[in-house]
Amino acid sequence: MRVGLKKWIVILRELSSKGYKIVPVQTLMEITKMSRNSLKVALWRLEKIGLICRIGKKWVCIEKCSPEDIVKVAFQPGYISMEWALFKSNVIDQAPYSVTVVWLKPRRRARICGYKFEAHKISEKLFFGCDKNMIAYPEKALLDLIYIRKRFGYTINVEYIDTNRLLEYAAKRYPKWVLKSLNILIRE
C-alpha cells in the first residue's frame, strides 16, 4: 500500500493528538498496512524531511523528544545519571556534551534525535536511585560519576546535595574507595 506525504501528516497528527510522542514501528506498519521494506523507506524519507526521528529500528519519535523520552525506549533498563543529571539538578554548572546514561548492558555510544548518548554499564546492586522520569537523584548521580569515571573534575554546588542521602547511598552499596573519594570531595 502506498501512503503519500499528506496521509503521513494526518497519521502523525492523529497520533500526536492522542498524546503519543514515541510510536513503535510495528504500530505504524499496522496503521498504514505497508510492508516492512516499504515502511522502512517511507520512514527514512520522513526523517530526511524532518517529520520524524528514528530511535533505533523499533521506535519513531513523532514530536520533539527529550533525552528522558528517548532513554525510556532506547536504553532499557537504564536511567540518566552522572554529568547530565548533575547539571539538570544544578549540582554542577558546566553543561555536558552528551546525555550520560547508566544501565545494565555493555557500554554504548549513540546519536539519536540530535542528542549524543553515552551509556555506561553498572551492576544490578548499584542500579537504584532515580525518579519516575528515569533521572538519577543528584546524590546517586554523583556516586555514579565517581564510581564509573574514578575521578571528579567539577565544582559542586553543595547546597543542592542531601549529604545524609549521599552518605547513606555510598555506605550501603558502593565500594569503600568511593566513600573515601566522596569524603575528600565534600571537604573541599
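A charge sits over a ring if NZ of Lys or CZ of Arg is within 6 Å of the ring centre and within 35 degrees of the ring normal. Keep that in mind as we walk through this predicted model.

Start by selecting R173 and F128: the charged end of R173 sits over the ring of F128, 4.0 Å from its centre. For another such contact, pick K150, whose charged end lies over the ring of Y147 at 5.7 Å from the centre.

Next come the aromatic pairs, of which the structure holds seven. Show Y115 with F117: their ring centres are 6.3 Å apart and the planes meet at 65 degrees, so this pair is edge-to-face. Both Y115 and F117 are buried. Now add F75 and W103, which join Y115 and F117 in one aromatic cluster.

Return to F128 and add Y169. These two form an edge-to-face pair, 5.0 Å centre to centre with 90 degrees between the planes. The pair links distant parts of the chain, 41 residues apart: F128 is in the loop between β7 and α6, while Y169 belongs to helix α7. F128 is buried at 15% relative accessible area, and Y169 is buried at 13%.

Then move to helix α4, residues 67-74, where six of the eight residues are buried. Among them are I70, V71 and A74. In the loop between α4 and β4 you will find P77; the peptide bond leading to P77 from Q76 is cis, with omega near -10 degrees.

Last, two backbone stops. Most residues other than glycine have a negative phi. K33, in the loop between α2 and α3, has a positive phi of about 60 degrees. M134, in the loop between β7 and α6, has a positive phi of about 65 degrees.

Notes. Residues numbered from 1 in each chain as written. Predicted model: local features only at pLDDT ≥ 70, side-chain atom pairs only at ≥ 80, totals over all residues. Heavy atoms only, no water. Buried < 20%, exposed > 50% of the residue type's maximum accessible area, 1.4 Å probe, protein only. Helix = DSSP H or I, 4+ residues; strand = E, 2+ residues; numbered from the N terminus. Phe/Tyr/Trp six-rings, centres within 6.5 Å; stacked < 30°, edge-to-face > 60°.
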